Amino acid sequence: MRANDGTRTGGEILIDQLLAHGVRHVFCVPGESYLAALDAFYDRDISLTVCRQEGGAAMMAEAVGKATGRPGICFVTRGPGATNASPGLHIARQDSTPMILFVGQVAREMREREAFQELDFRAVFGSIAKWATEIDDPARIPELVSRAFYTATAGRPGPVVIALPEDMLTERVAVPDAPRFEPVETSPGAAEMRRLGDLLRQAQRPIVLAGGSRWSEAAYASFGRFAERFALPVATTFRRGHLFDALHRCYAGDLGIGPNPKLVARVKAADLIVLVGGRLGELPSQSYTLLDIPAPRQTFVHVHPGAEELGRVYHPHLAIHAAPTAFAAALDALQAPPEIKWRAETEAAHADYLAWTGQATSQPGAVNLGEIMVWLREHLPAEAIVCNGAGNFAAWIHRFFRFRRFASHVAPCSGSMGYGVPAAVAMKRLYPDRTVVCVTGDGDFLMNGQEFATAVQYELPFVTLIVDNGIYGTIRMHQEREYPGRVVATELKNPDFVAYARAFGGFGAAVGKTADFGAAFDAAQKSGKPAILHLKVDPEAITPATTLGAIRQKALGERR
Ligand SMILES: Cc1ncc(C[n+]2csc(CCOP(=O)(O)OP(=O)(O)O)c2C)c(N)n1
Ligand SMILES: [Mg+2]
């Protein structure tokens, strides 16, 4: 509270800046280094989620940034808190997500002595964050926090780290709040849009790839209309499936890990590729084999909000420096050609997508994850949110789940394990009325399974599927391919996950065969508690397309 002389503590000024910028949710693990900031939450209207490990807290903040396009906010203590939070920062960087990590710091007069838990945060986070700084003067909090919001969202979004010396947070000064920030939406120029229209008129076989961040409901809707009017096939890049309705008749499929070979062939055969919002990194580019570097053979149009990404890897024939939101709005003014040469191609692309994802493949074992994904896509409401981390289990989500709404998939493009549970906690905090389903591997779950306690503490009823194959499956798959039969460090002895769920105060049930899944899922939802469904899958079922044994045999055969 402001004292009679108009002063506030640094901690109060800081939390007031969050309110000024429209922050509703903050995720933290407390520390004595930022008590004065914590205290300011006591009488301010902002929801604070206390977590069990900073990795979880930072991923929750990242998930909020991903889903809303505004910076997700996380508070952690100095040294160990900050280093624990680093996975969330790394995801924010690779996934181009706006987030701000506030870190406690030793008192100003103790700096540079390597005081208790002291770190030089500018140096430690310099190469992960877009900007890492420390606030020395409480009078500059409004200025520097405002800059953090702009920096995190501007151009290609990413993480910002702000260290807060302990004594700075208790010092009192009189200073006004900053005005509310709004993300800067870079608009495309009229000349670039005309040129795009020309290129589309000249094209025979165009394809659009949607990716990256900075999208919105409005951009999603405009983009859908544009695809419809131009009958353009649209593929989404790795873990950005939520950018286009899977049942839109222009949807050509998911360009990520294990994509439909027909989609890959289509991209290669296109004469015009329009990449909107994304970077076409290692995974969607199929290990940089899709386009020639630096000069793609196809006419390549790159639309990106970060100027430094244009021409960074692929030479663009037309570079459009624009945020997807502003670009999508400008598309409404683009005239479609009277006759569309590629209409049949687009219909074929969508038919290929439907065929590729139509039915689960047959698999060894009594629980078929493909059939479970088909069940979920048929039974979940369209606005349900799916969260997951990394592991081969995710291949079934990418192949068989059909995302129908913007921001309905919250998952790490960076391939970081342990993301699903924190992301689900964050989504349920943000959207209590939406169904949230978390899909994890047995390895993946226990990287941040402690946040199941947070779900119980805040009474967040989402359902977590633990796909238990008793192995770090992805690594075992690579191991069998590169070193067949030589199993090292990929086997797991798992706890009883049903007992785990119940011990935490949640709902737990085991699913031993596919046919039992629907009833178990319904029971989990009816419990009204955070729930875990323990799916015992056969480790042989390593991808929707092949088995571990087949990979091993093939590798051994190649060696003979
Ligand atoms: C934080 C982190 N550590 C390690 C890895 C390397 N890695 C990728 S997938 C994987 C195994 C995932 O195992 P699990 O969650 O059981 O899923 P499965 O592949 O068995 O379905 C590992 C160790 C990673 N991606 N992220
Ligand atoms: Mg596993």
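Leu492 is found in the loop that runs between α18 and α19, the latter helix spanning residues 497-504. In this predicted model, Leu492 has a relative accessible area of 23% and is therefore classed as partly exposed. The C-alpha atom of Leu492 is separated by 33 Å from that of Arg78, a residue 414 positions away along the chain. Gln479, by contrast in sequence position, belongs to helix α18 itself, and its relative accessibility of 13% means that Gln479 counts as buried. Between the C-alpha atoms of Gln479 and Phe41, which are 438 residues apart along the chain, the separation is 49 Å.

The metal site is formed in part by the segment that precedes α18. The magnesium ion (ligand 2) has three protein donors, namely Asp442 through OD, Asn469 through OD1 and Ile471 through its O atom, and these lie 2.0 to 2.2 Å from the ion. Along the chain, the donors of the magnesium ion follow the spacing D-x26-N-x1-I. Because Asp442 lies in helix α16 (residues 442-448), whereas Asn469 sits in the loop between β18 (463-468) and α18 (473-482), the pair ties together parts that are 27 residues apart in sequence. Asp442 and Asn469 are both buried.

Asp442 also takes part in the surroundings of ligand 1, for which 17 neighbouring residues are found, those that come nearest being Asn392, Gly415, Asp442, Asp444 and Gly473. Several backbone atoms lie at short listed distances from polar atoms of this ligand. An oxygen atom of ligand 1 is 2.7 Å from a polar backbone atom of Asp444, and a backbone N or O atom of Gly443 lies 2.9 Å from an oxygen atom of the ligand. For Met417, a polar backbone atom is placed 3.3 Å from a nitrogen atom of ligand 1.

A further polar contact involves Asp95, whose place is in the loop between α4 (79-94) and β5 (99-105). With a relative accessibility of 0%, Asp95 counts as buried, and its side chain reaches the backbone nitrogen of Cys413 at 2.7 Å. Cys413 appears again in the second largest pocket, which is lined by 24 residues, with Gln94, Arg279, Gly281, Glu282 and Cys413 lying nearest its centre. The space in the second largest pocket amounts to about 460 Å³, and its lining comprises seven nonpolar, ten polar and seven charged residues.

Enclosed space was examined in the same model. Rolling a probe the size of a water molecule over the atoms shows where empty space is left. Three cavities of 30 Å³ or more are held by the structure. The largest cavity has a volume of about 120 Å³ and is lined by 14 residues, of which Gly65, Lys66, Ser213, Arg214 and Trp215 lie nearest its centre. When the lining of the largest cavity is divided by class, four residues are nonpolar, seven are polar and three are charged. The second largest cavity, for which the volume is about 90 Å³, is lined by Thr236, Gly241, Phe244, Ala246, Tyr251, Asp254, Tyr353, His398, Phe401, Arg402, Phe403 and His409. The lining of the second largest cavity contains six nonpolar, four polar and two charged residues.

Individual features of the backbone geometry concern three loop positions. Ile293 and Pro294 are joined by a cis peptide bond, with omega at about 5°, and Pro294 is found in the loop between β12 (272-276) and β13 (299-304). Gln286 is likewise found in the loop between β12 and β13, where Gln286 has a positive phi of about 55° although it is not a glycine. A positive phi, near 60°, is also computed for Gln117, again a residue other than glycine. The place of Gln117 is in the loop between β5 and α5 (121-125), and, as its relative accessible area is 24%, Gln117 is partly exposed.

Technical notes: Residues numbered from 1 in each chain as written. Chains lettered and ligands numbered in written order. Predicted model: local features only at pLDDT ≥ 70, side-chain atom pairs only at ≥ 80, totals over all residues. Heavy atoms only, no water. Donors = N, O, S within 2.8 Å, 3.2 Å for Na, K, Ca; no water. Helix = DSSP H or I, 4+ residues; strand = E, 2+ residues; numbered from the N terminus. Buried < 20%, exposed > 50% of the residue type's maximum accessible area, 1.4 Å probe, protein only. 1 Å grid on protein atoms, 1.4 Å probe; cavity = no way out; pocket = protein on both sides within 12 Å on 5 of 7 lines; lining within 4 Å. Points joined across faces, edges and corners; volume = space filled by probe spheres on them. Nonpolar A, V, L, I, M, F, W, Y, C, P; charged D, E, K, R; others polar. Near = heavy atom within 4 Å. Polar contact = N/O pair within 3.5 Å; in protein donor to acceptor, adjacent residues only side chain to side chain.
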